[in-house]
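Okay, everyone, thanks for coming. Let me put the structure up, and then I'll walk you through the parts I looked at.

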Amino acid sequence: MITRILSLLVVVLAVGCSQGRQAVKTVPKSSNLPVMVAKTPSPTALAKRKELRDWWFKAAEKAASSTGDSEANRLVAFLRLNAILAEPFGDQAKTLEASKSEEWFYFVPLIEGDELSGEFWAKLLASPNVGASFNPGTGLLIVRSDPISQDWAGIILLHEVRHVRDLITEEYNWQDNMTFCRKERDVHEFENRLIAKLGGERYQKFVDAEVQNMVGASRDAKLELGESMLTGTEYPQELDKIFGVAKSDFERAVRATHVDIDVNFRLVDRYWKGNKEEQKAVMLFKLYKSTGILPSPP
Ligand SMILES: [Zn+2]
């Protein structure tokens with residue numbers, strides 16, 4: 001199971017070569033691009049990148065509209081206004097359009113051939129896919145093209161957009177481990193709400209049963225209920241009945257990991273005697289620490 005968690009989070013958190021937002025803000029129209037330009041964007045590459053971006057945007061919009069969640073709708077508006085199409089540039093990224101706002105950020109849809117742009121991109125593309133990821137060190141929101149259902153693409157993109165918005169508007173210290181985990185908790189709580197709205201009654205029944213399984217598993221492991229994150233080892237087939245058949249192993253890993261977090265948070269809500277919100281952040285801290293994926297200073 002740890003592998004499952006790792007596959008989801010490792011790229012999100014550990015790609016870390018922190019270049020900061022000042023990295024490259026080159027608008028491609030400039031004829032003064034340095035000689036280090038890895039490749040000139042071809043019209044086809046640009047079209048593919050735009051197509052992928054539009055697909056992810058639509059997925060986020062659909063998740064927001066089908067849940068009717070006001071926070072999700074605000075995040076879609078934030079995404080539309082501030083995401084600036086960008087492409088790999090050496091080991092960084094460069095924008096492909098002018099920014100329209102103060103709070104703009106790099107939105108990088110990865111396409112075939114991007115592994116040739118630089119070591120950073122080659123490593124990223126050789127890592128397990130996470131669909132959408134945001135790294136606060138580089139400031140890049142990256143989306144990939146492996147198969148995933150539209151609903152789940154929407155959910156995971158909105159998760160990442162919430163990170164971007166919070167970081168830009170609050171400028172919190174993401175390098176402080178507990179601050180990082182509390183933020184992650186907030187974003188997962190938001191995401192759990194979306195999953196529950198999309199999954200409806202059937203999902204509610206499923207998670208209730210999963211919580212009961214966790215109660216048994218906690219007792220077997222002699223853990224206090226909600227003390228540490230417990231996870232399943234196999235993809236719960238019931239999720240395919242609730243959300244439609246997952247389109248890839250990567251999507252199954254994404255679904256299972258996110259649902260596990262939801263189930264563990266519910267366990268804390270129901271049984272933890274102390275500060276429940278803090279306990280959820282502590283749970284995530286333990287998980288990230290054991291898997292070595294807490295962010296470290298650049
Ligand atoms: Zn996150």
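Let's start with a pair of strands: β4 and β5 run antiparallel to each other, joined by 4 bridges. One position to click on there is S133, which sits opposite I142 in β5. The two strands make a hairpin, with 4 residues between them. If you look at the turn, G139 has a positive phi, about 75°. Before I go further, keep in mind that this is a predicted model.

Now zoom out to the sheet. It's an open one, made of 5 strands, and the order across it is β2-β1-β3-β5-β4, with mixed pairing. At the edges you've got β2, residues 92-95, and β4, residues 132-135, and each of those pairs on one side only. As for twist, neighbouring strands in this sheet are turned by 35° against each other on average, if you ignore direction.

So much for the antiparallel hairpin; what about β3 and β5, how do those two run? They're parallel, with 4 bridges joining them. You can follow that register yourselves: Y106 has L140 as its bridge partner in β5, and F107 stands opposite L141 in β5. On the other pairing, β1, residues 83-89, goes with β3, residues 105-109, again in the parallel sense, over 3 bridges. There, I84 is the residue facing Y106 in β3.

Let's stay on β3 for a moment. Which way do its side chains go? F105, F107 and P109 point one way, Y106 and V108 point the other way, and all of them are buried. That's 5 of the 5 residues of β3 buried, so the strand is largely enclosed by the rest of the structure. Over on β5, L140 and I142 point one way while L141 and V143 point the other, and these are all buried too.

Next, the helix that goes with the sheet. α5 lies across β3, β4 and β5, where β5 is residues 140-143, and the helix runs at about 15° to β4. I did a sanity check on its length. α5 covers residues 150-170, which is 21 residues, and at 1.5 Å a residue that should span 30 Å; the end C-alpha atoms are 30 Å apart, so it agrees. Right after α5 comes E171, and its phi is positive, near 45°.

Moving on to helix pairs, and I've got two of them. First up are α2, residues 43-67, and α3, residues 70-82: their axes come within 8 Å and cross at roughly 160°. That makes α2 roughly antiparallel to α3. The crossing is left-handed. Who's touching whom? On the α2 side it's F57, A60, E61, A63, A64 and T67, and they meet A72, N73, V76, L79 and R80 in α3. As a reminder for reading lists like that, an α-helix has 3.6 residues a turn, so residues three or four places apart point the same way.

The other pair is α8, residues 249-271, with α9, residues 276-290. Here the axes come within 9 Å and cross at roughly 145°. What's the hand of this crossing? For α8 and α9 it's right-handed. The contacts have N264, F265, V268 and D269 in α8 meeting K276, Q279, K280 and M283 in α9.

That's my tour. Happy to rotate things around if anybody wants another look.

Key:
Residues are numbered from 1 along each chain as its sequence is written. This is a predicted model: local features need pLDDT of at least 70, side-chain atom pairs count only at pLDDT 80 or more; totals for chains, interfaces and linings use all residues. The expected span of a helix is 1.5 Å times one less than its number of residues. Two strands pair if DSSP finds at least two bridges between them. Axes are lines fitted to C-alpha atoms, for helices over the stretch in contact, and angles run from 0 to 180 degrees between N-to-C directions. Two residues are in contact if their C-beta atoms, placed from the backbone, lie within 7 Å. A residue is buried if 20 or more other C-beta atoms lie within 10 Å of its own, exposed if 12 or fewer, and partly exposed in between; C-beta atoms are placed from the backbone. Angles under 35 degrees count as roughly parallel, over 145 as roughly antiparallel, 65 to 115 as roughly perpendicular and the rest as oblique. A crossing is left-handed if the near helix is turned anticlockwise from the far one by less than a right angle, and right-handed if clockwise.
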